[in-house]
Amino acid sequence: MQLSFQATQLPGGEAIDGNRYAYRAEITGDGGATATTVAVNQTLINAAPTVTLGSPSGPDGSGKYTVIATLSESSTDFTVGDLSLTNATATLSGSGSSYTIVLTQTAVGSVKLSVPKGAFTDSAGLGNWVPSSEVEFDGDTTAPTVSIAAFTGAVNSNKTAVITLSEASSNFAVGDLTLTNATATLAGSGTSYTAVLTPSSDGEVKLSVGAGTFTDAVGNGNTVSNEVTTTYDTTAPTVSIGAFTGAANGNKTAVITLSEVSNNFAVGDLTLTNAAATLSGSGTSYTAVLTPSSDGEVKLSVAANTFTDAAGYDNSASNEVSSTYDSTAPTVSIAAFTGAANGNQTAVITLSEASTDFAVGDLTLTNATATLSGSGTSYTAVLTPSSDGEVKLSVAAGTFTDGAGNANAVSNEVTVGYDSTAPTVSIAAFTGAANGTKTAVITLSEASSDFAVGDLTLTNAAATLSGSGTSYTALLTPSSDGEVKLSVAAGTFTDGAGNANAASNEVTTTYDASAPSVSVSTSATSVSGAETINVVVTFSEAVTGFDASDIAVTNGSVSTVSGSGAAYVAQIMATGSGNTAVSVPAAAAIDSAGNSSTASNTVTIQNATVEKTQKAIAQFVQSRATQLVSSQPNLSRFLSGGGGSGGFDMAVTQAGGNFHFVSSPDTNNGLWLRLNGTWTNENTSKTEYFFGALGRHITVSPNLLIGGMVEFDHVRQEDGVSTLDGQGWLAGLYMVTRVPNHPLFIDGRLLYGQTTNDVSPLGTYTDRFDTERWLAQVNVSGELEYGATTLIPSVQVSYTTDDQATYTDALGNLIPSQGVEIWQAAIGIDFSHQVALQNSDTSLELTGGIAAIGSSTRGTGNAASVATSYDGTRARLKMGANYTMENGARLSLDTFYDGIGVADYESYSLQLGFNWLF
């Protein structure tokens, strides 16, 4: 026997180096087989504490798990920090040797719990030198799912659905169901439930469970379920039959529409009258084709309870449709002709059935034409024979149809004899004087016993008739001047056979016993100076003996007269002095009967010289007043510093140009001079304007100047043959002031003046007229500097008048006085911006501005009708640039657009200028 010894560390052993040990010895016999095992345990009195972890329970409603920890000895320092945790957090409660651990899983997966060795001590201070066993389990964080099986139950009753949860739930209730068109009850528990739905009305019924409506045992909210649907139907199907289509003499087709699909609707469900039928279609749409049995009414309907819908409900009764079937050909009966043997023949035609296409073309005619009237079954044919002889009427088979489309059968034939030779009438031409009675011989082709004066057709005359047999004489007495006519209408008398006569020829003549009248007219409404006017002279009839001496003219003379008969044209030369009047006196001519003409009307042609002269003067005065306002010198420069040097500049545009000369006022005596001029070309009008101003002021204070000025101007205006020249002056006082310590300047002026002018309105003579004028103007301006940019706001109000005195022109016309009055107000802001250049001896300035302008032009006399197109409110925009060269000369480029805000006025310009300062 072999003896071996092995020592194993056991709990509760001897303390060595602070630990406690126990020992076990095993004795094993030969051959490796255990013969005898002897265990020896030695436990010291103060054994080390141990900890035992129970099995986990849970999760609870909030997903937490519980583990009971039992210590072999009481401990006062066993805390939550002594726990070794995996995938969880924990809370610890309890004392002594019994504790409760509550675990909260932090993620999906395994949860582990243990107590390592040396984590706590017992009351003797001995630490647990053996770790606890490890508790491991898998938590639950998966949301439960819901599966709803398809509905069961009849289409017209409650619907049942089985609901299966992936996990048991204790709070899944009927309120968690999402319902459409139904209410529900819910039975079941755990994972299996049954929902019974009571539909609310016919239609689709739906059931589903929304996400998060209930939880599993751990508290996980569910996912959304599938949705199941079905149809609920408790309504009996209805039937609608459309109106019959098809020919009246053929098969009838009707469309049948069911309110619901039916699987057993068949031809046997149709209720038929006087017909057999076939039925095609399916679902809700069917077509019935009926074959009528005999002439008469055909009917179709569907009785109640003949078929069912998918829910098994019997149908309700349909509407009834009906139509008439007709397959019998209509017949025609023609009655005997009525009417005179020498006249039209009338026949009554009766159809056995009404027709809508029986027409005159359906008649078979011999030796006649016909008209047909009537409708339905009753018609009247009136035949007009073509020549003497037999006249026949019938209707062939198949020429028309009845309402059902059946072609007719052949009619009977009616005949009659016709005699239509009518007597004729021939009237010879009138004889007798043009202003006396008229005689005409009348010849008949056959003798008549009833031809009388009443058979005569007369125009503008009365008559007597004499004669007999075939020869007669008519004597006509005309009623009034004009055409006299005689004829015999057809059918006014008869021959011996009773045939009415044919119409005669018509003879005419003219009766004239009145004096001719005369009228004068002209298209001319006005004349300007010595002009030629065409006057049309029209007589009521042709005349002779009319010439220039027969025309009376005021303020003119007759140049020539052309024409003949009743129409003439006279050329009248107007003198231009006063209105021209033209007339023809009585007895100026005679007509062919020797009657003298009566006096004519009088036409008056207005003398437009006065109006044209006034209009030209009004436009001229208005243009000059506008130029005068625009040329006024800037007086605020005397205080603002803008008048420090004199200069000359000139600008040229496509339509004209201008120049300016400005002197610098002497610092001692305040004497200054300004000259400028403009010239413009617009259409046929050319205008030249020259303006000069000389002034002197005294300095009352550093912020106030008072002075006087004299202005003079000259204007020349040409428009076609019209020319005007004028020169004038104005004199008055001005004042310039500045608000102390502020760059705000106010200047005002009041001027009175007169002008002397020459006008040639027609280009043939020249007159002189004078005007008086006033001008008042107030300007308010300021300066706001922002670095290199200066803003210049301004307000200007101007008022000017120019009144022309009355004068007599070279033609002796009195030209009345007239005048213009112009108000203008402008408010705006300008700017100038200095651009830095590398060459300090040159400079570049950008300028621009915008202004709102209100203007009003009024006039007296003819000037009241001459208004500017820019009266009212408008806006003006300008932009420009000035480049100053090393020698002080300045090039400028300026553009403006005037007329913003008004529809009928615009003015714009691009100007290139040169300015030389001195």
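**View 1. Leu635 and its neighbours in the predicted model.** This close-up comes from a predicted model. Leu635 touches Trp672, Met709, Tyr734, Val736, Asp747, Gly748 and Arg749. Residues up to four places away in sequence are left out of that list.

**View 2. The largest nonpolar core.** This core has 29 residues. Leu635 is among those with the most contacts inside it, along with Ile617, Trp672, Leu724, Tyr734 and Phe769. Two helices, H1 (609–630) and H2 (637–640), each give two or more residues to the core. Strands S50 (685–701), S51 (704–719), S52 (722–738), S53 (744–760) and S54 (767–782) do so too. Which element gives the most? Helix H1 does, with 7 residues. Apart from this core lies another, of 20 residues. Ile551, Val582, Ala588 and Ala589 are among its members. In soluble globular proteins, nonpolar side chains tend to be buried together.

**View 3. An edge-to-face pair, Phe451 and Tyr472.** The structure holds 21 aromatic pairs. In this one, the ring centres are 4.8 Å apart and the planes make an angle of 85°. That makes the pair edge-to-face. Phe451 sits in the loop between strand S31 (438–444) and strand S32 (456–459). Tyr472 belongs to strand S34 (residues 471–478). The two residues are 21 apart, so the pair links distant parts of the chain. Are they buried or exposed? Both Phe451 and Tyr472 are buried.

**View 4. A tilted pair, Phe638 and Trp672.** Here the ring centres lie 5.5 Å apart. The planes meet at 45°, so the pair is tilted. Phe638 is in helix H2, while Trp672 is in strand S49 (residues 671–682). The pair links distant parts of the chain, 34 residues apart. Buried means under 20% relative accessible area. Phe638 has 15%, so this residue is buried. Trp672 has 1%, so this residue is buried as well.

**View 5. An aromatic cluster.** Which residues form this cluster? They are Phe78, Tyr99 and Phe120.

**View 6. An open sheet of 4 strands.** The strands follow the order S38-S46-S44-S41, and their pairing is mixed. Strand S38 (526–527) and strand S41 (552–554) are the edges. Each of these edge strands pairs on one side only. Strands of a sheet pair through backbone hydrogen bonds, either parallel or antiparallel. Strand S44 (residues 580–583) and strand S46 (residues 603–607) run antiparallel. How many bridges join S44 to S46? There are 3. Look for Ala581: this residue stands opposite Thr604 in S46.

Definitions and conventions:
Residues are numbered from 1 along each chain as its sequence is written. This is a predicted model: local features need pLDDT of at least 70, side-chain atom pairs count only at pLDDT 80 or more; totals for chains, interfaces and linings use all residues. Side-chain values use heavy atoms; hydrogens and water are left out. Two strands pair if DSSP finds at least two bridges between them. A nonpolar core is a set of buried Ala, Val, Leu, Ile, Met, Phe, Trp, Tyr and Cys residues joined through side-chain atoms within 4.5 Å. Buried means under 20% relative accessible area, exposed over 50%, partly exposed in between (1.4 Å probe, protein chains only). Contact means heavy atoms within 4.5 Å. Rings of Phe, Tyr and Trp (its six-membered ring) pair if their centres lie within 6.5 Å; planes under 30 degrees apart count as stacked, over 60 as edge-to-face and the rest as tilted.
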